[in-house]
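Please write a short report on this protein and its ligand. Keep it brisk, and explain each term for a first-year student.

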Amino acid sequence: MSHATYEIKDRVALITFQNPPVNGMSYALRKNLVVFVDQAEADSGVDAIVITGSARAFSGGADVTEFGTPKVLQQPILRVVIEVLENVTKPVVAAIDGVCLGGGLELALGAHYRVAAAHAQIGLPEVKLGLLPGAGGTQRLPRVVGLEKALHMITTGQVIKAKALADTALLDKVVETDVVGAAIAFAKEVVAQNLPLKRVRDIEISPEGANEILQAAREKLENGKKGQIAPLKCLDAVQASVFMPFDDGLKFERELFLQLMSSPESAAMRHIFSAERAATKIPDVPADTLLRKVEKVGVIGAGTMGGGISMNFLNVGIPVVLLEQKQDALDRGVATIRRNYENTMKKGRITAEQVEERMALLSTTLSYDDFADVDLAIEAVFENMDVKKAVFSELDRVMKKGAILASNTSTLDLNVIAGFTSRPEDVIGLHFFSPANVMKLLEIVRGEKTAKDVLATSIALGKKIGKKPVVSGVCDGFIGNRMLYAYRDAADNAMLAGASPSQIDKALENFGFAMGPYRVADLAGLDIGWAVRKRRAEANPDAYVPVVADRICEAGRFGQKTGAGWYKYEAGNRTPIVDPVVENIVKEFREARGITPRVVSDQEIVNRCIFALVNEGAKILEEGIALRASDIDIVYLNGYGFPAHRGGPMHYAQQVGLFNVVRAIKRFAAASEAEARFWKLAPLLEKHAESNEPLK
Ligand code: T1G
């Protein structure tokens with residue numbers, strides 16, 4: 001099957017890529033393109049050539065599905081295709097609509113001229129895959145948009161609308177409609193006026209001021225995201241565009257590209273790219289499932305969560321009716337939403353008009369009767385089953401047939417909640433993470449009776465509001481929090497063995513977490529967890545195992561909010577300060593248990609905490625709570641700050657080697673009875689360590 005079409009319109013050869021969904025530059029498309037270009041060049045009835053894609057995509061770049069396969073190196077590789085375009089003896093014009101990204105933009109830069117639709121999206125996002133533009137982008141883009149803009153685009157992966165690039169040499173014409181027609185007319189004009197066949201590679205770059213620009217960019221990147229090596233290599237490649245002859249620059253770019261392509265960081269980030277998309281595919285829910293319409297949303301609870309949840313829908317133009325029990329709570333909630341928008345506006349990310357547009361979509365009520373016409377209701381009320389029962393009974397009473405009833409619960413059994421209604425098939429969990437208007441993760445909790453179209457609608461809505469949806473089954477803590485409990489317990493075990501809270505935090509921050517578990521606890525507040533543990537202890541005294549955090553809380557130390565928790569804090573300052581009081585509490589806690597502290601290495605701390613995540617993740621996978629290992633990665637990357645350049649706990653475990661993970665867990669378990677109780681090895685993990693089959 002051909003991956004491009006060829007037709008002649010008024011002596012202009014029009015070559016249209018046909019590799020849906022986004023015209024990835026596959027081997028077949030690359031080959032078809034060269035064959036058609038050669039055909040057009042040899043045809044005396046053709047004066048010029050226009051290459052184009054679809055309205056959705058000129059091209060989304062190199063075909064990522066070919067990475068790691070022989071096809072990615074099968075000739076003609078993209079660089080060769082680009083050289084073919086550059087050296088055609090007739091004008092080649094790229095007609096750009098939709099996305100023009102990565103290798104797609106590099107291809108367009110090989111054309112002599114470029115005509116774009118104003119709304120087309122242009123960029124070199126390879127850095128987000130842990131790569132750099134490997135088909136000349138680092139050498140050509142600076143020549144058409146200037147060094148500084150090219151540096152920013154390539155080191156951040158920023159995508160820019162074509163109209164914002166209209167005044168650069170990247171684009172020769174920007175049109176509102178019919179970009180192909182405009183490109184054909186433009187090509188004919190080039191022929192009629194016998195204009196030169198411009199090659200981007202021939203544009204000179206002045207070195208004047210380059211060093212200052214490059215040095216400033218380098219310093220910024222060196223203080224950037226830890227562990228990500230691609231941005232600095234992008235900078236090195238762009239630097240070559242200024243100081244090396246073009247072909248040497250191409251060679252240098254290629255060397256750096258191949259280094260990145262074989263790096264664990266890029267493997268991790270490419271894994272994330274495919275994992276995010278896989279997470280929205282549910283085996284027993286057909287991709288063409290008819291979705292329920294969601295044109296109006298009701299949110300119950302105007303607190304931090306309810307307000308943040310509401311903002312997600314207001315941001316995409318969906319009206320929200322916000323319900324509370326008391327007017328002053330409503331007023332506070334609305335004021336908080338407005339304040340959040342005004343803060344975003346002050347940062348220049350939205351305009352004053354957008355603030356008003358969004359606030360105008362928000363209405364409030366004290367009566368459930370106003371939920372009669374909402375298509376989806378999401379409750380974000382107190383985490384108590386009696387409260388949930390009252391809320392869902394009311395929702396069931398007032399909401400129209402076919403509406404979706406959602407709970408934001410993070411700890412309660414969704415199936416029980418669904419049982420409070422006459423329509424359990426319309427009930428689902430939409431677990432947002434605080435702050436709900438910022439955090440990307442959305443755990444979509446599928447109840448036993450949740451209808452397939454409700455699930456499909458929720459996933460589509462999650463994507464629409466810019467979240468990373470992951471489907472979870474029903475269990476305590478779903479996917480993320482259940483793993484978080486294991487992670488925190490592992491950190492506590494390392495502390496009991498002899499490590500200090502600050503050593504544990506630093507070890508995990510060096511691994512790549514933005515904050516270690518004790519700093520996170522101080523930020524979130526220790527009192528919340530303490531209350532949960534006390535409730536559990538009252539309910540089941542025999543099962544309760546005291547933890548050091550109890551002693552910290554008993555001392556009135558709830559974290560930043562009280563000026564002291566695991567660390568102490570000076571007034572108005574969030575910098576954690578190691579506190580001898582805590583070290584003494586930990587020391588006494590160990591002594592009371594007859595534990596003699598030992599040296600615990602940073603690597604052991606990391607292994608204990610990350611392998612605890614992996615072990616719990618394997619249990620979650622085995623129980624069918626998560627559909628696939630990569631879903632677990634997406635949860636932990638987007639809800640818990642797992643470093644992207646590690647790919648997620650399950651991906652990281654595969655890179656370490658499941659044999660090594662299982663061996664380490666067994667050695668931890670052998671240390672004591674308490675450790676053996678904690679380190680119950682997931683059978684699935686042991687099975688895959690034996691078979692060496694990757695976890696799927
Ligand atoms: N190759 C192959 N498939 C791709 C693809 C690509 N480049 N990009 C997207 N897809 C698939 C995706 O997996 C999904 O498949 C479907 O298209 C829709 O994607 C040499 C080496 C293009 C903005 O980094 O940013 O060029 O799940 O759900 O929201 O220098 O996809 O339906 O089976 O995301 O409309 C550089 C990556 C590659 C762009 C579309 N390019 N893609 O977003 O749909 S490296 C990128 C995106 C490179 C050269 C280097 C987005 C999109 P499925 P989607 P969307």
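A polar contact is a pair of N or O atoms within 3.5 Å; within protein, one must be able to donate a hydrogen and the other to accept it, and residues adjacent in sequence count only if both atoms are side-chain atoms. Glu106 offers one example: an N or O atom in the Glu106 side chain is 2.5 Å from an oxygen atom of the ligand. Two other residues also make polar contacts with the ligand. Gly60 uses a polar backbone atom, 2.8 Å from a nitrogen atom of the ligand. Arg277 uses a polar side-chain atom, 2.9 Å from an oxygen atom of the ligand. On its own, the ligand has 990 Å² of accessible area, and the protein covers 72% of that. Such areas come from the Shrake-Rupley method with a 1.4 Å probe.

This is a predicted model: local features need pLDDT of at least 70, side-chain atom pairs count only at pLDDT 80 or more, and totals for chains, interfaces and linings use all residues. Residues are numbered from 1 along each chain as its sequence is written, and side-chain values use heavy atoms, leaving out hydrogens and water.

**Around the ligand**

Which residues come nearest to the ligand? Of the 23 around the ligand, they are Gly60, Gly103, Glu106, Glu126 and Lys281. A residue is near if one of its heavy atoms lies within 4 Å. The shell has twelve nonpolar, five polar and six charged residues. Here Asp, Glu, Lys and Arg count as charged, while Gly is among the polar ones. Helix 3 (103-108) and helix 10 (264-278) each supply at least two shell residues. Helices are DSSP runs of H or I with at least four residues; strands are runs of E with at least two.

**Along the chain**

The domain assignment, automatic or from a database, gives domain 1 (4-258) and domain 2 (297-476). Their C-alpha centres lie 42 Å apart. An unreviewed UniProt entry lists "3-hydroxyacyl-CoA dehydrogenase NAD binding" at residues 296-472. The same kind of record lists "3-hydroxyacyl-CoA dehydrogenase C-terminal" at residues 477-569 and 605-693 (unreviewed entry). Such annotations may be inferred rather than shown by experiment.

| Residues | Helix | Strand | Distance between end C-alpha atoms |
|---|---|---|---|
| 296-472 | 41% | 20% | 25 Å |
| 477-569 | 62% | 0% | 31 Å |
| 605-693 | 72% | 0% | 27 Å |

**One loop residue**

Lys226 lies in the loop between helix 7 (210-222) and helix 8 (230-243). Lys226 is partly exposed, with a relative accessible area of 47%. Partly exposed falls between buried (under 20%) and exposed (over 50%). The C-alpha atoms of Lys226 and Asp284 are separated by 39 Å, with the two residues 58 apart along the chain.

Conventions. Buried means under 20% relative accessible area, exposed over 50%, partly exposed in between (1.4 Å probe, protein chains only).
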